[in-house]
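Student: I have a model open and I'd like to learn how to read a few of its features. Could you walk me through them?

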Amino acid sequence: MRAPPRFRGRRFLLRGALPMAAVLEIRGLVKRFRRDGGWLDVLEDVSLTVGRREFVALLGPSGCGKSTLCNIVAGLIPADAGALRLEGTPIDTVARGRVAYMQQKDLLLPWRTVIDNAILGMEIQGVARAPARARAREMLRRFGLEGFERAYPALLSGGMRQRVALVRTLLCDRHLLVLDEPFGALDAMTRRAMQGYLLRLREEFGRTVLFVTHDVEEAVLLADRIYVLSARPGRVRAEVAIDLPRPRQPTGDAVVSTKARLLDVLEAELAEARA
Amino acid sequence: MSTLPPRPLAAPHRAAPASGGAAPADAGWLGGLRRGAAQAAPPAALLAALVLLWEWGVRALDVPFYILPAPSRIAGLLVSDQATLLAQAAVTLEEVLLGFAIAFVVGIVLALLIFSSRTVERAIYPLVIASQTIPVFAIAPLLVVWFGYGLLSKIAMAALIVFFPIVVNTVDGLRAADPDAVNLLRILGATPLQILLKIRVPAALPFVFSGTRIAVATSVIGAVIGEWVGATRGLGFLMIHANAQLHIDLVFAAIVYLSAMALVLFGAVSAIEWLALPWRRAGDR
Ligand SMILES: Nc1ncnc2c1ncn2[C@@H]1O[C@H](COP(=O)(O)OP(=O)(O)OP(=O)(O)O)[C@@H](O)[C@H]1O
Ligand SMILES: [Mg+2]
């Protein structure tokens, strides 16, 4: 087995090659993991951008490296090659804490009450407890969690827990929110309700969002733009802009036809991967 | 504030009443007490039955008191010799508490060192575990030689016994934190100290408490062994002394005191745990 190229990516970024408005720019991202003495190529030359206040969905088959990409953007693990810039500065694993990240697991701390879970990010940033709680209380109210501030997570339903995690993520005050299948573990009904809350991130809070999902309909209902990744190793297979007015109805003609188109792309991708 | 989407977006799950948050009436301390009493009833009934059987057996078979005293006789002694028993118990309790406190502090510090340094772990942890193969009885006489007949050798004895469950449970607890939760804090930009204080320590507390509950009860054993081997005071000393004079009822009275002491200490730790970890009760109802 040939050793992988061991170069650092940042050098490869051409200054000014991207639109100024981009919050996140990824160029030629490569990531591989050691696996059984060999290498597992997970991301191969992925390039994408997320513009300011844009809601970008990442769609792709299971195992294609979506979570890996999120982890790299969050600064949790390093890239093997490629250029990553957040607000124009390179992303690295040393200066973390620049994006707000939410995963499929809500990761609420069981020993903290709802409100103290919500202020975790602010607490790490050194915001004093009282003002942090005041902000959190207001935000929890807006996400339908009023009256549960002092409850422990063990008492909450899955949807409520996920909303607390969302509030915690929002309160981090970062330009970019990375959401990795935040509703993956929820039932269909709760999921629909959560999508409504998520849309508000954009409409009300003006946040920039990179959103990973398995669910084509969810992507079409929420996103301004969708990147479809190929099966592993992940590459950008298609980029689809969704210029539909909101609120979008799952049964609307345009939504249905866009969904069909995306499903075709995914279907072709899976067939190719199987071949 | 801008307009919100209509409230129906709020999830369709069974929302509990929104008043005051977590604690329903039954989860308060009164409810806890009631549940505790309900739990204690069956073993208490069984114990009472065994004591009655014992009383009856001793009377029916006419067993002499210097072989096996009847419970009623022991009870009588508990009243008549109360002053002596209490004085000796105070000595033993002091040894237990001091030994426990020292081992607790040293154990926690050592566990933190083992957790945070690979080198320390490799060097010390195997020795800590191997030390458990040394029978406590075997070193008790040595401790008396080294630390004398006084308080010190008993404190050392109790501490040695307490030490192990504290270290092992704390190390396990520090390792028990959800790695994803640790990563979450890393992503938020937390320092290693913040990760320790906000994730590792809270996650370790339930483990520390279960280690402590075991430790505090066994520390009584440690102190008594120390007293058996060489002492001039304490319940263990009283037992040896009474045994030699065939005052078997006094031996039993001392045992009653020792059990009560261990039980109270165990209960105290459980109560502190109940108060300190309210989130542990949030789920169970
Ligand atoms: N730390 C790691 N070490 C080795 N292999 C890894 C590591 N992390 C992820 N992988 C592998 O990389 C591949 C991509 O994983 P990743 O979690 O990014 O996929 P995903 O697209 O998020 O999948 P899903 O949709 O199921 O969540 C998988 O095959 C996984 O086993
Ligand atoms: Mg994933």
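Tutor: Let's go through cysteines, a sheet and a surface patch, keeping in mind that this is a predicted model.

Student: How many disulfides does a search of the whole structure find?

Tutor: General idea first: a disulfide is a covalent bond between the sulfur atoms of two cysteines. Here the search finds zero over all chains.

Student: Why is there no bond at A:Cys64?

Tutor: Because the closest cysteine sulfur, in A:Cys70, is 10 Å away, too far for a bond, and the cut-off is 2.5 Å. From the other end, A:Cys70 has A:Cys64 as its closest cysteine, also at 10 Å.

Student: Is A:Cys64 buried or exposed?

Tutor: Buried, with 0% relative accessibility. A:Cys70 is buried too, again at 0%.

Student: Now the sheet in chain A. What is the strand order?

Tutor: The order is 2-1-4-5, in an open sheet of four strands with antiparallel pairing. Strand 2 (38-51) and strand 5 (89-90) of chain A are at the edges with a single partner strand each, so one side of each has no neighbour in the sheet.

Student: How many bridges link strand 1 and strand 4 of chain A?

Tutor: Five, joining residues 22-35 to residues 81-86 in the antiparallel sense. To find strand 4 of chain A, look at A:Ala83, which stands opposite A:Arg27.

Student: And which residues form the nonpolar patch on the surface?

Tutor: B:Leu142, B:Val145, B:Trp146, B:Phe147 and B:Leu152, with about 550 Å² of accessible area together. Helix 5 (residues 136-147) of chain B gives the largest share, four residues, while B:Leu152 sits in helix 6 (residues 151-175) of chain B.

Definitions and conventions
Residues are numbered from 1 along each chain as its sequence is written. Chains are lettered from A and ligands numbered from 1 in the order in which they are written. This is a predicted model: local features need pLDDT of at least 70, side-chain atom pairs count only at pLDDT 80 or more; totals for chains, interfaces and linings use all residues. Side-chain values use heavy atoms; hydrogens and water are left out. Buried means under 20% relative accessible area, exposed over 50%, partly exposed in between (1.4 Å probe, protein chains only). Patches are made of residues with over 30% relative accessible area and no salt bridge: like charges are joined within 9 Å, nonpolar side chains (Val, Leu, Ile, Met, Phe, Trp, Tyr) within 5 Å. Accessible areas come from the Shrake-Rupley method with a 1.4 Å probe; for residues, only the protein chains shown count as cover. A salt bridge is a side-chain nitrogen of Lys or Arg within 4 Å of a carboxyl oxygen of Asp or Glu. Helices (H or I, at least four residues) and strands (E, at least two) are DSSP runs, numbered from the N terminus. Two strands pair if DSSP finds at least two bridges between them.
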